[in-house]
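Please look over the sequence and the structure shown below. The paragraphs after them walk through a few parts of the chain in turn.

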Amino acid sequence: SSFSAVAKNGNLDLGQITDVLKTITDMISKMEIEAASEEGKFSDALETIKNKLLSLSDSVSPQDTNGEQFEEVEQIDDDVEIIDADDNEIEDVEDVEELDADEEVEDVDELDDDIEIIDADDNEIEDVEDVDELDDDVEIIDADDNEIEDVEDVDELDDDTEIVDADEEVEDVEDVDELDDDIEIIDADDNEIEDVEDVEELGDDEIIIDEKELQEFQEFQKNKELARHFDNLLADADKKYNSYVVVPAGIYTVGSIRKTKNKLELQQIDMEKLYIGKYPVINSLFEIFIQETGYVTTAEKKGYGTVFYGRFKKDKKVSTWRQGVESADVKNACWYQPEGTESSLHKKRNHPVVQVSVDDAWAFASWIGRRLPSETEWEAAARTDMGFKYPWGNEWDDNGCNIETSSVSDTTPVDKYEQKSNIFNITDMLGNVIEWTSDMIPNPFVADNKHKFHVAKGCGWTAKDNISISSRSLFKLQYTSNIVGFRCVSEYLL
């Protein structure tokens, strides 16, 4: 079948076809049928095949072969395979004699069944000659998908030469030229990368492995596993709130033109691609983190948290008015009772988690394989590459977000204003809660570099309608309140 395919493709001339047919005829003539009970049957069948081959040979005009393709092929057993790992053709095989599946290998000493001879230096294998009597199922494989060319006079493999089993690790490679001592050894089943140093050249292809890039890859693998583990812990209803959207790489405008001390200077940044949480982290997701880790938040350790009371609050029974927004440090206010002992998370599973410090936010983000965004990353994601003043555009919308005029005086579900998501499909970037970033800056109002403040972006439900994406808040260390939450980012899709 293989010979027919080659002949049909025009890869053999008539002289070569004649030689192959005659060789097969000679091979059949020499075969001996050992089973006495089948002797007559097989002999008749072989005689018929031989006669057909002879008639085919006579019908083909003989031509001289070029001596480079197939010569003196004797008794090729059905079980012997010479395999090119990339399905490439095997070129220039000469003088392959008596490949008997039942005899030992000569010239290639003591190669067990199923042994592979690997080209460790990525060089091409060419001109296989004088390989006698390959053992049953022996494979000659080019490990790097190159053609099999130029292998001559393979004699007496050294005892220290690596014998590679496809399912086992690579061990004891010696006498292979130009393999550095520090070259990475990879187990094909585990794909772990260990101890790679100073790799300069592997065969024809130059590979320079940067230690920093390797560390980044290992960190990515670790974070991906953490993110997958967290997602597997979530109920189906919560998975929606653990979704991340892409912020494309590009040039983004951030900051404000207003010359005030508490504003980021107007500028353009060149930002790499980023994946950011579509929503702020909600109570039900943070609760999973607490249950799995036993983490104790800053407010719980302090024993109190700052609680804000809105100026106007309206519900079904009564409306409450105050002259202005008020706040107080309330005992036992923490993430699961945001306003103190009398409060709870009842009907707030999909509200943003609050009463968390920047340390608490970092702890959660790290546990799920992510991090907090920088101030510029957060603002670029919110404004998009259109540089909008608000997530939905440049014109204010009274119904665009949860602020003081919404008359709620509390957090709302993070997807309540989903129709006002920006063009990257990021929701709640303005209003509801202020969000922690990873940045710290000195006090901009006092010439004192000893004390730094954490930067938070956006505005909470206490804000008036004079806000924008460039709004910024500064808080001291360990600050927690019922108007500050966070969302996470990562460089890769985890």
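Which residues of strand β17 (residues 472–475) are buried on one side, and which on the other? The model is a predicted one, and in it Arg472 and Leu474 are buried on one side of β17, while Ser473 and Phe475 are buried on the other. Both faces of the strand are therefore covered. The neighbour of β17 is strand β16 (residues 452–457), and the two pair in the antiparallel sense over 4 bridges. Within this pairing, Ala456 stands opposite Ser473 of β17.

Arg472 also leads away from the strand. Its side chain forms a salt bridge with Glu375, and the closest N and O atoms are 2.9 Å apart. This pair links distant parts of the chain, since Glu375 belongs to helix α9 and Arg472 to strand β17, 97 residues apart. Buried residues are those under 20% relative accessible area. Glu375, at 3% relative accessibility, therefore counts as buried, and Arg472 is buried as well, with a relative accessible area of 11%. The two are part of a wider set: Glu375, Glu379, Arg383, Lys457 and Arg472 are linked in a network of salt bridges.

Helix α9 deserves a look of its own. It spans residues 375–383, and because 8 of its 9 residues are buried, the helix is largely enclosed by the rest of the structure. The buried residues are Glu375, Glu377, Trp378, Glu379, Ala380, Ala381, Ala382 and Arg383. Just after α9 comes Thr384, which takes a positive phi of about 65°.

The loop between α9 and β15 (434–442) takes part in further salt bridges, out of a count of 17. The side chains of Asp415 and Lys240 meet in one of them, at 2.9 Å from N to O. Asp415 lies in the loop between α9 and β15 and Lys240 in the loop between α5 (236–239) and β7, so this pair ties together parts that are 175 residues apart in sequence. Asp415 is buried, with a relative accessible area of 18%, whereas Lys240 is partly exposed, at 38%.

Asp410 and Lys348 make another salt bridge, at 2.8 Å from N to O. Here the distant parts are the loop between α9 and β15, which holds Asp410, and the loop between β14 (326–331) and α8 (358–367), which holds Lys348; the two residues are 62 apart. Asp410 is buried, with a relative accessible area of 15%, and Lys348 counts as buried at 13%.

Next comes a sheet. Strands β7, β10 and β19 form an open sheet of 3 strands in the order β7-β10-β19, with antiparallel pairing. β7 (244–247) and β19 (489–490) stand at the edges with a single partner strand each, so one side of each has no neighbour in the sheet. Strand β10 (residues 274–277) pairs with β19 over 2 bridges, and Tyr275 stands opposite Ser490 in β19.

The last stop is on the surface. Which residues gather there in a patch of negative charge? They are Asp210, Glu211, Glu213 and Glu216. Asp210 is found in the loop between β6 (205–206) and α4 (211–233). With 36% relative accessibility, Asp210 counts as partly exposed.

Note on methods:
Residues numbered from 1 in each chain as written. Predicted model: local features only at pLDDT ≥ 70, side-chain atom pairs only at ≥ 80, totals over all residues. Heavy atoms only, no water. Buried < 20%, exposed > 50% of the residue type's maximum accessible area, 1.4 Å probe, protein only. Patch = residues over 30% accessible without salt bridge, like charges linked within 9 Å, V, L, I, M, F, W, Y side chains within 5 Å. Areas by Shrake-Rupley, 256 points an atom, 1.4 Å probe, with all protein chains shown as cover. Salt bridge = Lys/Arg side-chain N within 4 Å of Asp/Glu carboxyl O. Lys, Arg positive; Asp, Glu negative; His and termini not counted. Charge placed at Lys NZ, Arg CZ, Asp CG, Glu CD. Pairing = 2+ DSSP bridges.
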